[in-house]
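This report treats the domain interface, selected buried residues and the salt bridges of one protein model. The sequence and the structure are shown first.

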Amino acid sequence: MSYKLLCSLCLLLVFLVDSGVIAQTEYSLSFDRAATVVTVNLKTRELRVTHSGQVVQQIRLSSNLDPAAVYAETADGFTLTNVATDGTVLELAKEVDDTNYTQFSVIRNDVPSSVTIVDCANLLSTNWYGGPQQKHQYWPVQKLRFNRYSMLSKEADNSAVGDRYWLNALGSFLYVDPWAPLFVDQNYGQPGFMCLETRAILPYDAYEASYDVRYTIGVGPDAREAHMGAVGRILGKPSSHPAESMVTEPIWSTWARYKRDINDTVVLKFAQEIISNGFRGQYELDDDWEWCYGALTFNRTKFPDIRSTITKIRELGFGRTTLWIHPFINKGCEPWYSEARRRGYLVADHSGNTDTEWWNSVRGQAAYVDFTKAEVRQWFTDRLQAILDESGIDSFKFDAGESSWTPPDPVLNGPASRRPSQIVGDYIRTVAKFGDLVEVRSALGTQDLPVFVRMIDKDSNWGWNNGLPTLITTLLQLNMVGYPLVLPDMVGGNGYDDSPPSKEMFIRWLQANVFMPSIQYSFVPWDFDRETVTIALAMTELHRSISPAIMERFALAVSDGLPVNPPLWWIDPSDVTAQKIYDQYLLGDDIIAAPVIVENARARDIYLPSGAWTDGNTGEQHTGPKWLRNYPVPLSMIPYFTRKAV
């Protein structure tokens with residue numbers, strides 16, 4: 001075919017498309033300052049994002065997208081309208097066009113509640129990070145399976161942190177707005193895909209005539225740059241950080257060791273044991289100090305003079321004390337329950353029923369305080385301040401907060417589209433005001449708060465069922481959804497089902513914890529033997545010695561939004577081996593922790609990414625990337641490596 005004939009055919013094709021004889025099926029968004037192109041093909045219903053010619057996101061759009069949808073340009077993108085079917089509008093809007101970062105959103109507003117949208121992201125055979133906190137916290141997260149999984153902060157599966165953010169190793173993230181009625185299918189029915197389904201059914205609001213859904217895609221030259229773009233543009237960064245004292249010295253909780261069996265005698269004896277064995281730090285009174293759950297008043301039988309008790313604890317050498325708090329009031333906790341019910345201070349469903357349950361009640365015998373109301377937030381705050389004034393306690397540990405504790409189908413004080421998730425942020429933002437010793441366990445869009453986000457309770461086992469390996473992977477997961485101020489759960493787990501940790505588990509758990517922001521004890525080393533005490537003192541001192549590095553990284557989390565404990569690939573995002581490492585983690589950019597998390601192991605393989613590394617135990621020098629095979633790790637050792645400054 002001659003060049004002249006080929007050009008004539010091209011001109012004819014352009015004329016036919018422009019005149020509407022042949023319908024155009026593909027539309028693109030191009031970014032002027034970066035090598036990013038977004039294409040929507042109506043015929044295949046595919047949204048494809050390429051960066052420098054490589055596919056970094058590929059999404060099969062919902063089946064309701066009409067191949068004959070009407071195209072219209074907008075100021076920053078285009079719309080596709082299903083004129084002939086349900087009338088829904090798909091909009092692509094370009095938001096950021098920088099040399100090293102691009103961002104756009106896929107928007108559908110006023111979707112009829114009868115319409116279900118299902119957009120399926122191809123996992124592209126690469127590694128993914130982020131997503132919801134999970135009981136089986138595998139890493140990378142493309143290994144997880146979800147079946148129509150409601151994406152919110154909930155008690156089930158340990159999903160207390162339910163932010164809708166996923167980052168892939170190709171240098172692109174996917175973020176779904178927090179209010180859309182979102183369910184996720186991942187590797188379920190369609191292996192290799194993560195399907196985002198929006199549907200106006202419980203646990204979301206099912207009363208409005210329509211709903212909105214928006215997801216944002218960001219692209220950078222690598223995963224680190226893409227994530228920092230998300231932090232800067234979407235997730236946010238903490239406004240400050242917890243007190244240095246919570247980093248340098250351990251927290252001692254009564255929970256795992258005593259559960260609810262505490263009183264004045266028990267807590268003073270525990271405090272004396274801690275000091276006499278050479279430790280100090282923060283003392284935390286956990287569950288069952290109230291007259292009844294929700295009273296927020298000390299049980300005078302258990303604690304006849306709480307100020308005297310706190311004074312004695314402080315005189316023993318504890319610099320600070322905190323108290324466990326929850327957002328519930330149990331039925332029968334009078335007069336507090338009846339007063340709150342009469343004043344409308346409890347979350348109710350559409351029939352006015354406030355009954356719910358939590359782990360310290362039976363079904364239907366508790367209520368969740370309604371933090372979506374300003375007067376309730378002030379009422380709760382005043383009651384907490386009264387505790388501090390009475391007792392001399394410094395601050396609080398705040399438990400629960402997930403939206404799943406409300407009655408099903410709750411009525412909250414805010415837009416219907418924000419039910420039930422609104423209460424999570426309203427609770428956390430209320431309690432975050434109690435100073436720099438605050439810890440919470442639930443989160444949703446609260447990356448800006450200057451508080452510790454505590455890992456939900458871990459179980460005392462060696463496996464992936466919420467055991468020791470998940471201490472590391474949960475640390476990574478929380479950091480990579482924008483919560484860098486992570487408080488690990490108690491050393492050795494919680495010993496539920498009468499299964500306390502063994503000596504070996506206690507020691508290995510503690511070692512895995514050393515390069516994390518803080519150490520929490522409850523089970524104690526002297527319940528095992530003197531060797532365990534000696535190792536625990538050494539590990540506590542090692543943690544104290546690296547606390548300046550932790551505080552330095554805290555400062556960078558506040559100023560720049562950097563993760564405190566990122567995954568190993570953070571210092572070399574192109575390192576495919578590092579992308580898959582789940583049993584090592586970083587402190588900042590220059591310290592690698594490689595703990596033993598396998599029972600009876602006295603050696604392990606350790607991966608060092610690029611850089612010049614010094615063995616923290618032997619002083620031996622290494623140049624990465626390299627594997628250290630069968631590295632010997634006696635029970636008393638935590639392997640770690642420091643990188644020389646470039």
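Asp527 is partly exposed, with a relative accessible area of 47%; on this scale buried means under 20% relative accessible area, exposed over 50%, and partly exposed in between, computed with a 1.4 Å probe on protein chains only. The side chain of Asp527 forms a salt bridge with Arg257, the closest N and O atoms being 3.0 Å apart. A salt bridge is here a side-chain nitrogen of Lys or Arg within 4 Å of a carboxyl oxygen of Asp or Glu. The pair links distant parts of the chain, 270 residues apart: Asp527 lies in the loop between strand S28 (520-521) and H12, and Arg257 in helix H4 (residues 255-258). Helices (H or I, at least four residues) and strands (E, at least two) are DSSP runs, numbered from the N terminus.

The model is predicted: local features need pLDDT of at least 70, side-chain atom pairs count only at pLDDT 80 or more, and totals for chains, interfaces and linings use all residues. Residues are numbered from 1 along each chain as its sequence is written, and side-chain values use heavy atoms, with hydrogens and water left out.

## Salt bridges

A search of the whole structure finds 39 salt bridges. Three pairs that link distant parts of the chain are tabulated below.

| Pair | Closest N and O atoms | Separation along the chain |
|---|---|---|
| Arg214 and Glu95 | 2.6 Å | 119 residues |
| Glu249 and Arg544 | 2.8 Å | 295 residues |
| Asp527 and Arg257 | 3.0 Å | 270 residues |

Arg214 belongs to strand S16 (residues 210-219) and Glu95 to strand S7 (residues 89-98). Arg214 is partly exposed at 33% relative accessible area, and Glu95 is partly exposed at 34%. Glu249, by contrast, is buried, with a relative accessible area of 11%. Glu249 sits in the loop between helix H3 (245-248) and strand S17 (251-253), while its partner Arg544 is in helix H12 (residues 530-545). In addition, a network of salt bridges links Asp399, Glu402, Glu439, Arg441, Arg454, Asp457 and Asp489.

## Interface of domain 1 and domain 2

The protein is divided into domain 1 (26-232), domain 2 (253-326 + 390-409 + 417-560) and domain 3 (570-642); these bounds come from an automatic or database domain assignment. The C-alpha centres of domain 1 and domain 2 lie 35 Å apart. Contact, meaning heavy atoms within 4.5 Å, joins 30 residues of domain 1 to 37 residues of domain 2.

The two domains bury about 3,000 Å² between them, 61% of it on carbon and sulfur atoms. Buried area is the accessible area (1.4 Å probe) that two parts lose on being put together, summed over both. In domain 1, Trp139, Asp163 and Trp179 lose the most area to domain 2, together 21% of what that side buries.

Across this interface the rule finds one salt bridge. There are also 12 residue pairs in polar contact across the interface of domain 1 and domain 2, both residues being at pLDDT 80 or more. A polar contact is a pair of N or O atoms within 3.5 Å; within protein, one must be able to donate a hydrogen and the other to accept it, and residues adjacent in sequence count only if both atoms are side-chain atoms. On the side of domain 1 that touches domain 2, strand S12 (165-168) and helix H2 (223-235) are the elements that give two or more residues. H2 supplies the largest share, three residues.

## Buried residues

Trp139 is found in the loop between strand S10 (128-130) and strand S11 (146-150) and is buried, with a relative accessible area of 1%. Among the residues that Trp139 touches are Thr473, Leu476, Met480 and Tyr582. The C-alpha atoms of Trp139 and Thr474 are separated by 8.8 Å, although the two are 335 residues apart along the chain.

Arg260 is a partner of two further buried residues, Asn360 and Lys302. Asn360, at 10% relative accessibility, is placed in the loop between strand S21 (348-349) and strand S22 (366-368). Its side chain makes a polar contact with the side chain of Arg260 at 2.5 Å. Lys302, at 18% relative accessible area, lies in the loop between strand S18 (282-285) and helix H6 (306-316). The side chain of Lys302 reaches the backbone oxygen of Arg260 at 3.2 Å and makes a polar contact with the side chain of Asp288 at 3.0 Å.

Technical notes: Lists of a residue's contacts leave out its neighbours within four places in sequence.
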